[in-house]
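Reader: I'm new to this one, so could you walk me through the reasoning behind the labels people put on it?

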Amino acid sequence: MEKKVAFLCDSSADISEEEAKQLGIYVLRMPVIIEGNEYLEGIDIFDENILAALREQKKITTTQPSIGEIVRKWDELLEEYDQVFYLPLSKALSGTCASAIRLANESYNGKVFVVDSTFVCYPVIYMLETAKKMLEKGYSCEEIKQKIEQEGELYAILIPRDLTALKNGGRISPAAAALAGMLKIHPLLKVENGGIDVQDKVRTAQRAYKAGIECVCKNVDPKEYDWMIIHADNEELCDELRKQLEDATGCPVDKRVFKSVIMSHTGAGTIGFGRIRRLQF
């Protein structure tokens with residue numbers, strides 16, 4: 001008998017409640033903390049509130065959902081579904097993944113499948129949609145989990161407009177941010193194997209965007225990947241750069257938007273170029 005499966009992510013996947021309902025995906029909403037006050041993303045704080053706080057240079061941080069909240073969500077879904085397939089934020093960026101894997105193995109064996117994730121932002125949704133297609137083709141949750149863990153690949157370059165949000169969130173020192181601003185240095189942050197690191201540092205924004213496109217296209221066959229560009233309140237520039245990425249790859253490029261959780265870390269104006277390896281099944 002075919003099992004009924006619920007597909008779950010957390011709100012670092014940059015998906016609204018409306019879109020999640022349309023796609024048949026459930027979302028575990030993450031707490032966002034502004035100047036010490038905690039809110040639940042998508043419930044009592046929204047993108048426009050984050051943008052306002054960023055403009056006012058307030059300190060914004062995020063935290064993982066509590067174990068109690070994860071358990072509550074799983075139990076709620078298991079009242080309606082036979083199994084839960086959960087793809088959380090990358091294990092390198094959040095403790096949620098490791099905690100959820102441990103909890104699933106200890107108390108939900110055979111009922112909850114947690115991917116040992118290296119994904120972040122919209123690619124989480126992309127992989128969940130792929131997982132749904134695999135389920136329709138007859139793959140089990142365990143087989144889908146193994147396929148994503150063994151063959152799933154995300155590579156992206158993030159280019160913040162400035163370093164204010166990274167400074168206010170404590171990710172770089174005020175001195176380093178001030179020096180970078182004075183020298184007009186734009187860092188290229190790479191997302192690889194689920195972690196974020198500095199790929200390069202470039203003078204002027206235009207050079208940074210050109211270098212970002214070159215980085216994501218380097219040493220790959222574009223036809224083996226799906227391509228994306230993601231922006232944080234920077235749509236006009238995003239449209240211009242999307243055309244450049246399409247010209248560089250010869251492939252269509254999906255345009256997405258950074259929402260509250262990721263935007264609170266990188267800041268308004270951030271542009272991301274990315275590729276996701278297309279799984280064969």
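Author: Let's start with a word we need straight away: a strand is a DSSP run of E with at least two residues, numbered from the N terminus. Glu-192 lies in strand 9, which covers residues 185-192. Keep in mind that this is a predicted model.

Reader: Why is Glu-192 called partly exposed?

Author: Buried means under 20% relative accessible area and exposed means over 50%. Glu-192 has 35% relative accessibility, so it counts as partly exposed.

Reader: And which residues is Glu-192 in contact with, leaving aside its neighbours within four places in sequence?

Author: Those are Leu-154 and Tyr-155. As for Thr-118, its C-alpha is 7.9 Å from that of Glu-192, though the two are 74 residues apart in sequence.

Reader: What makes Glu-153 and Arg-275 a salt bridge?

Author: The cut-off is 4 Å between a side-chain nitrogen of Lys or Arg and a carboxyl oxygen of Asp or Glu. Here the closest N and O atoms are 3.5 Å apart, so the pair qualifies.

Reader: Which parts does the pair of Glu-153 and Arg-275 tie together?

Author: Glu-153 sits in the loop between helix 6 (141-151) and strand 8 (154-159), while Arg-275 belongs to strand 13 (residues 271-277), so the bridge ties together parts that are 122 residues apart in sequence.

Reader: Are Glu-153 and Arg-275 buried or partly exposed?

Author: One of each. Glu-153 comes out at 21% relative accessibility, so it counts as partly exposed. Arg-275 is at 8%, so it counts as buried.

Reader: How do you know that Glu-41 and Arg-29 form a salt bridge?

Author: Their closest N and O atoms are 2.7 Å apart, and the rule asks for within 4 Å. Glu-41 is in the loop between strand 4 (37-40) and helix 2 (47-55), and Arg-29 is in the loop between strand 2 (25-28) and strand 3 (31-34), so this pair ties together parts that are twelve residues apart in sequence. Glu-41 and Arg-29 are both buried.

Reader: What about Lys-58 and Glu-56, and why do they get the labels partly exposed and exposed?

Author: They form a salt bridge too, with the closest N and O atoms 3.2 Å apart. Lys-58 has a relative accessible area of 32%, so it is partly exposed. Glu-56 reaches 52%, so it counts as exposed, the line for that being over 50%.

Reader: How many salt bridges does this rule give?

Author: The count comes to 23. There is also a network of salt bridges linking Glu-69, Arg-72, Lys-73 and Glu-76.

Reader: Why is helix 3 called oblique to helix 4?

Author: Helix 3 (residues 67-78) and helix 4 (residues 96-107) pack at about 55 degrees, with their axes 11 Å apart. Under 35 degrees would be roughly parallel, and roughly perpendicular runs from 65 to 115, so helix 3 is oblique to helix 4. Their crossing is right-handed. Ile-67, Ile-70, Val-71 and Trp-74 from helix 3 meet Thr-96, Ser-99, Ala-100, Leu-103 and Ala-104 from helix 4.

Reader: Which residues touch the most other members of the largest nonpolar core?

Author: Cys-9, Phe-85 and Ile-148 do, in a core of 50 residues. Helix 5 (residues 123-136) gives the most to this core, with seven residues. Not counting residues up to four places away in sequence, Cys-9 touches ten residues' worth of partners, among them Ile-15, Tyr-26, Leu-87 and Leu-128.

How values were computed: Residues numbered from 1 in each chain as written. Predicted model: local features only at pLDDT ≥ 70, side-chain atom pairs only at ≥ 80, totals over all residues. Heavy atoms only, no water. Core = buried A, V, L, I, M, F, W, Y, C linked by side-chain atoms within 4.5 Å. Buried < 20%, exposed > 50% of the residue type's maximum accessible area, 1.4 Å probe, protein only. Helix = DSSP H or I, 4+ residues; strand = E, 2+ residues; numbered from the N terminus. Contact = heavy atoms within 4.5 Å. Axes fitted to C-alpha atoms, helices over the stretch in contact; angles between N-to-C directions. Parallel < 35°, antiparallel > 145°, perpendicular 65-115°, else oblique. Left-handed = near helix turned anticlockwise from the far one by under 90°.
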